[in-house]
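Here is a friendly walk through one chain, from its overall dimensions down to a few chosen spots. Keep the viewer open and turn the structure as you read.

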Amino acid sequence: MDARVILKSSAPFIAHYSGIARALAFRYAGPGTIFLLHSVVDDIAHYIDKDLRCPALVLERILGWLRDQGVEFVSLDEAVERLGRSSLGKFCVFTFDDGYADNLTHALPVMERFDAPFTVYVATGMINGEIDGWWFGLGELIRTRECLELPELGCRFDCPDLARKRRTFVAIRTLIDTNSEALAAVRTAIAVSGIDCHELARAESLNPEQLRRLAASPLVTIGAHSVRHINFQRAPAAEVEREMTTSRRVLQDIIGREVKHFAYPFGACGSREAQIAHSAGFRTAVTTQRGALFPEHVNHLYALPREPIYAKDNASSLRCKIDGTYRAFHSRLGDPVAHM
Ligand SMILES: [Zn+2]
């Protein structure tokens, strides 16, 4: 791994152990934190897309650690209410993106043990097969190959074992984020191999009956996460608006309840997307920007930051997350309040 990458990913830990994080926390720790997860499984041992998976036991350990630190578990609506108040203790909100069936079978039982409210942001295309779930196809492509070539990009990845398959998955996802040609090249490779991304997504998705059962829990808030899960910043405004309003309508029809919250696919959000979420009538929208929640976020309800949870998280990394250490590093000691 590149030395700069190691240094960047290690920086918050170095800060934690050297005491710098404690000093940074005076400025970067807010009263609240929104955590982001995707799928919750028994064991991540065989998953290539491991950053999207959290073992149920790890989730349980994280909830236990947070409770021991005196961090209160609240719903998203309660968190918004608390932004307007002062002198309350630390709180956090758990959110799960995309609409995995394991949010019902694996996450809900853990959250119930801690009486912890949570929000599930569902991309309705997961349910009906309309999702542009290229990452499901990419995972399958890497799983079934020892070497992957993307000739349009002049790239070749050797992936004969699990460790290299995982690195290849992360490398290609990063490539897609930074190179506008990359997604087309990946789509071509998936199509040529005959992999059906829609079917792979549907196999992991909540079905309407499961979604209703999840929504029936008093702990659960259902939020919208678009239909096709496309990158909004590469789409026309009319399409962004349609994705937001259609996903909300489909979810409301299934669960019979108002859907008030939105999560931008891939966290891709600028001022245009925030304005559309506001105009579409959502109460909040969350991004993937790092950082804590501050009272100032009442003025930025359509760009609320979230801290991701990974299987490898431990007390040190969680402390860095609730103390805003990652925000300090990602913003290069800039504004503690992550917004547009
Ligand atoms: Zn998503």
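We begin with the whole chain, then turn to two helix pairs, and end at one loop residue.

Bear in mind throughout that this is a predicted model. The chain is built from 15 helices and 12 strands. If you lay the C-alpha trace along its principal axes, it spans about 60 × 50 × 40 Å. Does the radius of gyration fit that of a compact globule, or depart from it? For 340 residues, a compact globule would have a value near 20 Å, and the chain has 19 Å, so the two agree. By neighbour count, 44% of the 340 residues are buried. The contact pattern adds another view: take the contacts between residues at least 6 apart in sequence, and 71% of them link residues at least 24 apart.

Now zoom in on the first helix pair. Helix α3, residues 56-68, and helix α5, residues 102-113, have axes that come within 10 Å and cross at roughly 25°. Angles under 35 degrees count as roughly parallel, and therefore α3 is roughly parallel to α5. The crossing of α3 over α5 is right-handed. On the α3 side, the contact is made by Ala56, Leu59, Glu60 and Leu63, while α5 brings His106, Ala107 and Val110. Sorted by character, the residues of this contact are five nonpolar, one polar and one charged.

The second pair is a useful one to set beside it. Helix α7 (residues 134-143) packs against helix α9 (residues 182-192) at an angle of about 60°, with the axes 10 Å apart. The two helices are therefore oblique to each other. Here α7 passes α9 in a left-handed crossing. Which residues meet in this pairing of α7 and α9? From α7 come Trp134, Gly137, Leu138 and Leu141, and from α9 come Leu183, Val186, Arg187, Ala189 and Ile190. The contact of α7 with α9 divides into seven nonpolar residues, one polar and one charged.

Finally, find Asn299 in the loop between β11 (284-286) and β12 (307-308). Is Asn299 buried or exposed? A residue with 12 or fewer C-beta neighbours within 10 Å is called exposed, and Asn299 has 10 inside that distance, so Asn299 counts as exposed. Asn299 also illustrates how sequence and space can part ways: Leu83 is 216 residues away in sequence, yet the C-alpha atoms of Asn299 and Leu83 are 10.0 Å apart.

Conventions: Residues numbered from 1 in each chain as written. Predicted model: local features only at pLDDT ≥ 70, side-chain atom pairs only at ≥ 80, totals over all residues. Helix = DSSP H or I, 4+ residues; strand = E, 2+ residues; numbered from the N terminus. Rg over C-alpha atoms; globule rule 2.2 N^0.38 Å. Buried ≥ 20, exposed ≤ 12 C-beta atoms within 10 Å, placed from the backbone. Contact = placed C-beta atoms within 7 Å. Axes fitted to C-alpha atoms, helices over the stretch in contact; angles between N-to-C directions. Parallel < 35°, antiparallel > 145°, perpendicular 65-115°, else oblique. Left-handed = near helix turned anticlockwise from the far one by under 90°. Nonpolar A, V, L, I, M, F, W, Y, C, P; charged D, E, K, R; others polar.
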